[in-house]
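Trainee: May we go through this structure together? I should like to start with the charged side chains.
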Amino acid sequence: MAVENGEWIMRGLSWDDPLCIRSWEALIDWIDEVGFLPLFKNEAAGFSVEEHTADCAWWTGDAERDPWEWRQAIARSGRVAYGKFFAKKAGFISKAWFPQFANWRRDGYDFDSLWDDERATMRQKRIMDQFAGRPELFSYEIKSLAGFGKGGEKNFEGTVTDLQMRGYLVIRDFRRRINKRGEVYGWPIAVYTMPETLWGYDHIAAAYALEPAASKARIYEQVRRCFPAAAPAAVERVLEARI
C-alpha cells in the first residue's frame, strides 16, 4: 500500500489473474500453506496479502471480494490468528506456526513469568490482568478496565500492539456495540483474546522445549522457502521483534 497524490494505491493483481486469491477461505488456505503473512505490501517482495489479491477490490466494503473485510471473517473463524505481528503492523499467523512465534517472541516466558522477572511494564500487566476469568474483551473495555484514558495510563494502542508483537494477545473478532435497546451501532471494534484461550495452552506452548533462537531460525527459513525473491535484510525488518 502506498500513497500517491493523496490517494491510497494498492499493489495487487487483477481479479481475473489466475493467481489472484478471491475469497477469505482461499486466503486462509494459503496462510496455512505459507505459515504467516503480513496484510500489506512491504519491503519483502511477495510477502503480503496485498500482492496476491485484487487491487480493485480493496476498500469496496464488499464482504465477498474485499480483503480489508476478509480480515474480520478470518479473525472470527479462529482458524488463523490476526493481529499486529509484523514490525507492529497487521498480519496473520497460522495455528501450526503460532507456537514458533510465541516461543521466539516471548523469549520462553509466559506473561506471569515475564512480570515476575521484571521484563514486563505495569501498563502491559494492567492489560493482561483484565483477561483473568474473561475469555475476550472489546478494545474499549480493556482501555477502561485497565485504567487508560483521561487522567490515567497513557499509550494504550502502543501497549496493546507490543503485547500482540510478543504473542500474548490476538484479535479474535470485530463487532459493533449494542445499545440498551439491543440495537447494534457504530463501526466494528476489535475484540481481543489470549491465544491460549483461542487454541489452548498446550498448543501455544508446544515449541517451548526449543530455544527461542531455534524458533526464530525456523520462521526465517520458512520465509526464504516460500518467498525466495524477498531480500534477507527486508525480511529482517518485516519480522522485526524489538518492542
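Mentor: A salt bridge is a side-chain nitrogen of Lys or Arg within 4 Å of a carboxyl oxygen of Asp or Glu. This is a predicted model, in which local features need pLDDT of at least 70, side-chain atom pairs count only at pLDDT 80 or more, and totals for chains, interfaces and linings use all residues. Residues are numbered from 1 along each chain as its sequence is written, and side-chain values use heavy atoms, leaving out hydrogens and water.

Trainee: How many salt bridges does the structure hold?
Mentor: There are 14 salt bridges. One of them joins Asp29 to Arg79, with the closest N and O atoms 3.3 Å apart.

Trainee: Where do Asp29 and Arg79 lie?
Mentor: Asp29 is in helix α1 (residues 24-34) and Arg79 is in the loop between α2 and β4, so the pair ties together parts 50 residues apart in sequence. Helices (H or I, at least four residues) and strands (E, at least two) are DSSP runs, numbered from the N terminus.

Trainee: Is Asp29 buried or exposed?
Mentor: Asp29 is partly exposed, at 47% relative accessibility. Buried means under 20% relative accessible area, exposed over 50%, and partly exposed in between, with a 1.4 Å probe and protein chains only.

Trainee: Which residues are linked in a network of salt bridges?
Mentor: Arg76, Glu136, Asp173 and Arg175 are linked in such a network.

Trainee: Now Arg166: what is the nearest side chain of opposite charge?
Mentor: That is Asp162, 6.9 Å away; Arg166 is buried yet has no salt bridge. The side chain of Arg166 does reach the backbone oxygen of Arg119, at 3.3 Å.

Note on methods: Lys and Arg count as positive and Asp and Glu as negative; His and the chain ends are not counted. A polar contact is a pair of N or O atoms within 3.5 Å; within protein, one must be able to donate a hydrogen and the other to accept it, and residues adjacent in sequence count only if both atoms are side-chain atoms.
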